[in-house]
Amino acid sequence: ELGIAAACARLGVAAVATPRELVRKLLVCVYQATANSGPVTQNAARTVAEAVGAEFLLFDVEPLVRGYLGMVEGAIGRPLSWQTDDIALQNIQARVRAPGVWMIANLRNALLLATSNRSEAAVGYATMDGDTSGGLSPIAGIDKAFLRQWLRWVETEGPAGLGPFPAMQAVNAQQPTAELRPPGAHQTDEDDLMPYPILDAIERAAIRDKRTPQECLNVMAARFPQYGHAQLVAWIKRFFRLWCRNQWKRERYAPSFHVDDQNLDPKTWCRFPILSGGFEHELERLA
């Protein structure tokens with residue numbers, strides 16, 4: 001009880017009796033649904049928020065999406081479709097979520113936490129002014145493959161003195177997905193990019209170890225023999241092109257933490273030109 005009282009005093013919040021009450025005062029989770037959001041992700045968000053004691057809010061932002069689509073379609077004189085405007089239709093869903101959650105942060109005098117991880121930062125798999133919105137990006141220094149392993153550990157074992165956290169099963173049972181395309185598309189992160197263990201291995205070889213595309217291919221072929229040569233070539237080309245194309249995003253990410261020697265934060269660690277020819281000549285020779 002003395003620990004909780006001291007924490008409340010230090011954080012400037014009214015005194016509470018239990019850790020769950022303290023969490024509820026400090027943490028607000030907001031699930032913002034569009035027409036492409038499903039009950040599985042919504043249930044997972046609610047389950048985890050309630051399990052840790054956070055306040056949970058549900059916003060329906062589909063009317064905002066429709067409003068922007070109608071405004072833009074009227075201005076450009078044509079309808080938007082998934083066949084011709086896929087990225088724009090995905091990104092607007094992420095971007096309309098920013099104002100409402102920023103407003104909640106302002107009302108609570110709180111810090112908005114962005115959700116991007118290091119794997120997404122490496123390849124730009126994030127919507128600027130959407131899911132990147134926030135004043136702090138706490139997991140931007142952690143790769144997605146490790147993060148998924150850690151979440152499974154939290155579910156089954158957990159920290160010393162606290163034990164397992166079974167509610168995390170609602171998250172761990174799913175394949176990671178941005179859930180921005182229509183449900184029939186069965187969108188997953190790894191279908192859009194590549195398997196996260198491959199992505200993170202390429203990132204370490206290419207960025208931390210400064211290996212060339214050909215050297216990365218040699219390393220990946222030895223480490224992941226279950227994948228064919230042509231598939232590894234395609235993934236390595238995809239990584240290097242996305243890495244070079246998305247430095248401008250990494251320049252704008254909210255600050256994060258250095259937890260190892262692989263941080264991609266260009267402001268404090270990993271510099272790379274915003275405009276460059278990248279590795280195109282080397283990638284053209286990669287086969």
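Contact, for this tour, means heavy atoms within 4.5 Å. Helices are DSSP runs of H or I with at least four residues, numbered from the N terminus.

You're looking at a predicted model, where local features need pLDDT of at least 70, side-chain atom pairs count only at pLDDT 80 or more, and totals for chains, interfaces and linings use all residues. Residues are numbered from 1 along each chain as its sequence is written, and side-chain values use heavy atoms, leaving out hydrogens and water.

**Stop one: H11.** Select 196-208. Of its 13 residues, 11 are buried (under 20% relative accessible area, 1.4 Å probe, protein chains only). Among them are Tyr-196, Asp-200, Glu-203 and Arg-204. Now show what covers these buried residues: the list includes H7, H8 (144-156), H10 (189-192), H12 and H13.

Why expect 18 Å from end to end? Because 13 residues at 1.5 Å each, counting one less than the number of residues, should span that; the end C-alpha atoms of H11 sit 17 Å apart, which agrees. Just after the helix, click Lys-210, whose phi is positive, near 55°.

**Stop two: the largest nonpolar core.** Such a core is a set of buried Ala, Val, Leu, Ile, Met, Phe, Trp, Tyr and Cys residues joined through side-chain atoms within 4.5 Å. This one has 37 residues, and those touching the most other members are Val-123, Ile-202, Met-220, Ile-236, Phe-239 and Trp-243. H7, H11, H12 and H13 each give two or more residues, with the largest share, 9, coming from H13.

Zoom in on Ile-236: beyond four places away in sequence, Ile-236 touches Ile-202, Pro-213, Cys-216, Leu-217, Met-220 and Leu-286.

**Last stop.** Apart from that core lies another, of 6 residues, including Val-65, Leu-69, Ile-92 and Val-96.

Note on methods. Buried means under 20% relative accessible area, exposed over 50%, partly exposed in between (1.4 Å probe, protein chains only).
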